[in-house]
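Student: Hi! Could you help me read this one? I'd like to ask a few quick things as we go.

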Amino acid sequence: AFGVIADIQFADAEDGYDFGGCRRRYYRHSLRLLREAVREWAGESPPIGFVLQLGDSIDGQNARRGEAESALQQVLEVLGQLSVPVHHAWGNHELYNFSRARLVQTGLYSRPAGGSDGPPDRECHAYHCSPAPRLRLVVLDSYDTSTLGRDPGSPRYQESLRVLREKNPKDDLNSPEGLKEPHFVAFNGGFSQAQLDWFDEVLKFSDENQEKVIVMAHVPIHPCASNGVCLAWNYEAALSVIHTHRCVVCVLAGHLHDGAYCQDSHGVHHLTLEGLIETPPDSNAFGTVYVYEDKMVLKGKGRIPDRVMHF
């Protein structure tokens, strides 16, 4: 069993609204809801093995307020009360607050030190591990190709900007309005070829060893587990790698605060978790997933519905 939570987006700030100005965001309350989730996970019997934090742990406004470090510290302190590993995805809000080079130095860098469990690029926050026999977790970095968190003078930034500009000619790179492919916005990102090649090798190993694989990333990689906007730039390339193999059973993502779900044509479950940040203080948004030989069962809290996903 393991815990799942997405889009905490904590800031020590009064409630506000999303970019459209119509959806309420409960910045300060998100930490209290996280504490409730941690208390519940700590009391699970049998105990959970790990927690997946699906990205956007703190809100972008912390950077403007000069509170990025302290906000992150508060979130990590709450999660640190758990006696199990927490695997972190990096989201756009992490990258509004910190450069990639800085994120590597924080508690959000959950890629194991040393070893060959990630791509050669140490700033790519992708890795894999085996939390239980014949089960593998793969953490993907859906902002490996992105203009966020990189030095504007660097080749990687320039290449990411070129990819984005090719599809998005607008002045406001965060606006999907009128775009033929509305997911080409700056608050999304994509996967480098190097990461996709590494991912392919990991899945090849899992196929050969008859493992079941759970994939996590901040940004959804299937259009039907998205609203068409919150979607990785080169989601087709990531899906193509997954569909070349038999081992992946589920892809978990955040980013889209409404949540979404689909089972694709290859039988893979794509679950996008509802965001904690837009959850009223009298509700919650987290879950515990129980993994069996032939299925995964999500027991959701508050806004997150229960779900059974058969393999």
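Tutor: Sure! Keep in mind that this is a predicted model. Let's begin with a pair of helices: α7 passes α8 in a right-handed crossing.

Student: Which residues make that contact?

Tutor: On the α7 side they are Leu196, Phe199, Asp200 and Leu203, and α8 brings Ala237, Ala238, Val241 and Ile242.

Student: And how do the residues of the contact divide into nonpolar, polar and charged?

Tutor: Seven are nonpolar, one is charged and no polar residue takes part. Asp counts as charged, so the charged one is Asp200 of α7.

Student: What about the angle, at how many degrees do the axes cross?

Tutor: Roughly 20 degrees, and the axes of α7 (residues 193-208) and α8 (residues 235-243) come within 9 Å. Because angles under 35 degrees count as roughly parallel, α7 is roughly parallel to α8.

Student: Okay, new topic. How many disulfides does the structure hold?

Tutor: Zero. A disulfide needs two cysteine sulfur atoms within 2.5 Å.

Student: Why does cysteine 124 have no bond to its closest cysteine sulfur?

Tutor: That closest sulfur belongs to cysteine 129 and lies 15 Å away, so the two are too far apart for a bond.

Student: And where is the closest cysteine sulfur for cysteine 247?

Tutor: In cysteine 250, at 13 Å, which is again too far for a bond.

Student: Are cysteine 124 and cysteine 247 buried or exposed?

Tutor: Cysteine 124 is buried, at 1% relative accessibility. Cysteine 247 is buried too, with a relative accessible area of 3%. The cut-off for buried is under 20%.

Terms used
Residues are numbered from 1 along each chain as its sequence is written. This is a predicted model: local features need pLDDT of at least 70, side-chain atom pairs count only at pLDDT 80 or more; totals for chains, interfaces and linings use all residues. Side-chain values use heavy atoms; hydrogens and water are left out. Buried means under 20% relative accessible area, exposed over 50%, partly exposed in between (1.4 Å probe, protein chains only). Axes are lines fitted to C-alpha atoms, for helices over the stretch in contact, and angles run from 0 to 180 degrees between N-to-C directions. Helices (H or I, at least four residues) and strands (E, at least two) are DSSP runs, numbered from the N terminus. Angles under 35 degrees count as roughly parallel, over 145 as roughly antiparallel, 65 to 115 as roughly perpendicular and the rest as oblique. A crossing is left-handed if the near helix is turned anticlockwise from the far one by less than a right angle, and right-handed if clockwise. Contact means heavy atoms within 4.5 Å.
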